[in-house]
Amino acid sequence: MIAITPANSLQERFLNDFVDQVVWQHGSDTQRLCCRLRFHPLNKQKRSSQLAETIHSQLNITFPSTNMPGTLGEVITKIKNRFGDKMAADGIALDLLQRKKGREAHHPDSKAPWEIIYQWLWEIEFPRQGWKLVQEIATYAMEELQMIDPPDRDLRRRVSKNPATIIKLKEYILHVKFQDPGHLLLINQGVSGNLYCFCPSRGYSVNPQVMPDKNLYIPDLQSLIPDPLQYTDIGPEYFLAILTKNPVKLSWVNPDSDPDDIDITPERLNEIFQQVGRQWDTQVFYKKFEVIESPKEPARV
């Protein structure tokens with residue numbers, strides 16, 4: 001059986017899981033690679049004949065382009081068998097996944113069966129799984145995400161001594177520093193379980209760009225809500241950092257939006273992962289801080 005490349009990004013992990021569910025131990029290597037190549041975002045604009053050449057090269061077999069329709073058809077049948085009920089519940093007309101034989105002309109706006117599946121996969125299924133998936137694969141960011149004292153931001157240095165603890169009611173600035181470049185999308189899950197989008201947001205940081213030699217601070221010095229972060233509830237505060245190659249454009253973050261409007265509703269969470277799914281090589285990191293009561297000073301003797 002052909003080996004699937006280990007997942008090194010959010011989308012890679014999702015695609016690997018999809019292929020495993022569609023073409024498992026009873027599937028052929030050609031079906032498995034065909035599925036992976038045809039539904040890979042970087043291949044969206046490629047013709048099937050080009051993918052046939054890749055199958056020929058990677059498997060070192062004779063695989064002419066005329067074999068591609070049949071192999072892709074077998075893969076689509078497996079997808080219908082595995083995900084048909086879910087796709088139908090999402091409003092996908094399964095009869096459109098069966099391309100009729102013959103050479104009749106198709107409407108210019110009509111989509112091929114694989115294109116319908118592709119759109120469902122990355123616009124519906126990926127966003128639906130997004131939040132759960134990122135929590136499963138995120139890398140722990142011990143040094144990359146640190147709560148610091150507000151004056152340390154102005155001095156451009158850190159003196160934080162307890163990187164995973166937040167003192168209740170104490171003021172903090174979140175210091176962000178990653179070694180790989182990218183654009184930061186930062187989500188906070190509070191003690192209550194509610195989700196908040198700190199970046200991008202007009203209040204905290206509209207378009208934070210991560211560079212290896214650059215310190216980011218949340219809120220940043222140009223933010224519309226410059227007040228430091230402060231926590232009133234005891235318990236865990238979870239931060240998820242998503243690094244994308246291009247900025248993530250969110251509909252509710254615009255020049256007219258309210259800078260206090262950082263709440264993530266289910267609809268907004270879906271939009272976030274729709275936007276993320278259109279990119280590739282997205283890296284995810286997390287850090288959980290524990291909010292505790294302020295330590296009592298030792299009694300004087």
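**Close-up 1. The buried residues of helix H7.** In this predicted model, helix H7 has the following buried residues: Arg 268, Leu 269, Glu 271, Ile 272, Phe 273, Gln 274, Val 276 and Gly 277. Their cover includes two helices, H1 (10-22) and H5, along with strands E5 (182-189), E6 (195-199) and E10 (235-244). The helix itself runs over residues 266-277, and at 1.5 Å a residue its twelve residues should span 16 Å; the C-alpha atoms at its two ends are 16 Å apart, so expectation and model agree.

**Close-up 2. Glu 271, a charged residue in helix H7.** Here is one to pause over: Glu 271 belongs to helix H7 and is buried, yet has no salt bridge. How far away is the nearest side chain of opposite charge? That side chain is Arg 268, at 6.6 Å, and a salt bridge would need a side-chain nitrogen within 4 Å of a carboxyl oxygen. Leaving out residues up to four places away in sequence, Glu 271 touches Lys 249, Leu 250, Ser 251 and Trp 252.

**Close-up 3. The largest nonpolar core.** This core has 57 residues. Which of them touch the most other members? They are Phe 18, Phe 39, Ile 79, Trp 131, Ile 272 and Phe 273. Helix H5 (residues 113-137) gives the most to the core, contributing eleven residues. Apart from this core lies another one, of 27 residues, including Phe 198, Phe 239, Ala 241 and Leu 243. As background, nonpolar side chains in soluble globular proteins tend to be buried together.

**Close-up 4. Phe 39 and its contacts.** Phe 39 is among the residues of the largest core that touch the most other members. Once its neighbours within four places in sequence are set aside, Phe 39 is in contact with Leu 15, Phe 18, Val 75, Ile 79, Trp 114, Ile 117, Tyr 118, Leu 121 and Trp 122. Of these contacts, Phe 18 and Ile 79 also appear in the list of core residues that touch the most other members.

**Close-up 5. Helix H2 under cover.** How many of the ten residues of helix H2 (residues 29-38) are buried? Nine are, and the helix is mostly covered. The buried set is made up of Thr 30, Gln 31, Arg 32, Leu 33, Cys 34, Cys 35, Arg 36, Leu 37 and Arg 38. These residues pack against helices H1, H3 (48-59), H4 (68-89) and H5.

**Close-up 6. Phe 126 and Phe 273, an aromatic pair between helices.** The model has 16 aromatic pairs. In this one, the ring centres of Phe 126 and Phe 273 are 6.4 Å apart and the planes meet at 75°, so the pair is edge-to-face. Phe 126 lies in helix H5 and Phe 273 in helix H7, so the pair ties together parts that are 147 residues apart in sequence. Both Phe 126 and Phe 273 are buried. Ring pairs also link these two with Phe 14, Trp 122 and Trp 280 into a cluster.

**Close-up 7. Tyr 140 and Tyr 286, a tilted pair between strands.** After the buried Phe 126 and Phe 273, we turn to Tyr 140 and Tyr 286, whose rings are 5.2 Å apart centre to centre with 55° between the planes, a tilted pair. Tyr 140 sits in strand E1 (residues 139-140) and Tyr 286 in strand E11 (residues 283-292), so the pair ties together parts that are 146 residues apart in sequence. Are these tyrosines buried, partly exposed or exposed? Tyr 140 counts as partly exposed because its relative accessibility is 36%, and Tyr 286, with a relative accessible area of 25%, is partly exposed as well.

**Close-up 8. Two cis peptide bonds before proline.** The bond from Cys 199 to Pro 200 is cis, with omega near -5°, and Pro 200 is found in the loop between E6 and strand E7 (209-210). The bond from Ile 218 to Pro 219 is also cis, with omega near 0°. Pro 219 is in the loop between strands E8 (216-218) and E9 (229-230).

**Close-up 9. Two loop residues with positive phi.** Asn 60 is not a glycine, yet has a positive phi of about 55°. This residue lies in the loop between H3 and H4 and counts as exposed because its relative accessibility is 70%. Leu 169, not a glycine either, has a positive phi of about 70°. Leu 169 is in the loop between strands E3 (165-167) and E4 (171-176) and is partly exposed, with a relative accessible area of 47%.

Note on methods:
Residues numbered from 1 in each chain as written. Predicted model: local features only at pLDDT ≥ 70, side-chain atom pairs only at ≥ 80, totals over all residues. Heavy atoms only, no water. Core = buried A, V, L, I, M, F, W, Y, C linked by side-chain atoms within 4.5 Å. Buried < 20%, exposed > 50% of the residue type's maximum accessible area, 1.4 Å probe, protein only. Helix = DSSP H or I, 4+ residues; strand = E, 2+ residues; numbered from the N terminus. Contact = heavy atoms within 4.5 Å. Expected span 1.5 Å × (residues − 1). Lys, Arg positive; Asp, Glu negative; His and termini not counted. Phe/Tyr/Trp six-rings, centres within 6.5 Å; stacked < 30°, edge-to-face > 60°.
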